[in-house]
Amino acid sequence: ECYKKPTYQTGHLIEELMLLANRTVAEYLVKKQPNAAVFRTQDAPLPAKMEKFEEFCQDVELLQLPKEWMHLPATEFLASLQGTRMEPVICERLIKSMERAMYQTFASPSQGGSSTRDVSHFALNMKHYSHFTSPIRRYPDLLVHRQVRDSLDNIEWPADKKLTDLVNKCVAQEKRADDASQNSTNLFFSGYIKYRNEVLTTAIVSEVQSRRLILYLEEFGTSHEV
């Protein structure tokens, strides 16, 4: 059986609480671990990509972008689409238009460090953000838990190339995991279509390319190319 995973208000509430927990921990580590705090960061998107996204929204004629929409947190912008038929398509296109989020560690200039890198998270509109709430499935969360534990004992982690290399490896492994997840979805959906022999469903054309179409299949909550 293949179907779209339902969403509930309780799920959204839990997500909001997780965001608050992650931000609170990040702000705590800025003070307690100025040379080694592990952040979840995201750069601002390239203007050309966002202009293309805005053109797409105007083309579908089903979405009126609010004034100064690019300065809204992504979560607030997406909330304005909730319940509309185009919501999943717009969300997918917006994510593709943004820069990839990653993990970074740095020495805070306010604490005498030499790094001036921006560790803010663009989509969440947060100056400091970490991944803290899922140590059972993400290794960077486990690192953050260890930093919080040591911070409570007033143990400060030094700036360490090994930690930087480890964080960079986590970024690379995350990319591999995402690719594997997408390939797995494509594989099992193809198997489902083969098993059913024929599937009649509705779809939204989310992108037109020179040799293919990207379709969002509403019944299954997934996109595929034809």
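1. Read from the start of the sequence, the elements of this predicted model follow the order α-β-α-α-α-β-α-α-β-β-β, which amounts to six helices and five strands.

2. Of the protein's 226 residues, 36% count as buried, and the exposed surface comes to about 14,800 Å², with carbon and sulfur atoms supplying 54% of it. Among contacts between residues at least 6 apart in sequence, 64% join residues that are at least 24 apart.

3. The largest nonpolar core holds 19 residues, and those with the most contacts inside it are Leu29, Phe39, Val144 and Leu163. Helix α1 (9–32), strand β1 (38–41), helix α5 (139–152) and helix α6 (161–196) each supply at least two residues of this core. A second core, separate from this one, has 13 residues, including Phe53, Phe56, Ile90 and Tyr216. As background, nonpolar side chains in soluble globular proteins tend to be buried together.

4. Leu29 deserves a closer look: once residues up to four places away in sequence are set aside, Leu29 touches Pro34, Ala37, Val144, Gln147, Val148 and Ser151. One of these partners, Val144, is also listed with Leu29 among the residues that have the most contacts inside the largest core.

5. Ser97 belongs to helix α4, which spans residues 87–97, and its relative accessibility is 9%, so Ser97 counts as buried, the cut-off being under 20%. The side chain of Ser97 reaches the backbone oxygen of Arg93 at 2.8 Å. Leaving aside neighbours within four places in sequence, Ser97 is in contact with Pro45, Lys49, Met50 and Phe53; Phe53 is also one of the residues of the second core.

Technical notes
Residues numbered from 1 in each chain as written. Predicted model: local features only at pLDDT ≥ 70, side-chain atom pairs only at ≥ 80, totals over all residues. Heavy atoms only, no water. Core = buried A, V, L, I, M, F, W, Y, C linked by side-chain atoms within 4.5 Å. Buried < 20%, exposed > 50% of the residue type's maximum accessible area, 1.4 Å probe, protein only. Helix = DSSP H or I, 4+ residues; strand = E, 2+ residues; numbered from the N terminus. Contact = heavy atoms within 4.5 Å. Polar contact = N/O pair within 3.5 Å; in protein donor to acceptor, adjacent residues only side chain to side chain. Areas by Shrake-Rupley, 256 points an atom, 1.4 Å probe, with all protein chains shown as cover.
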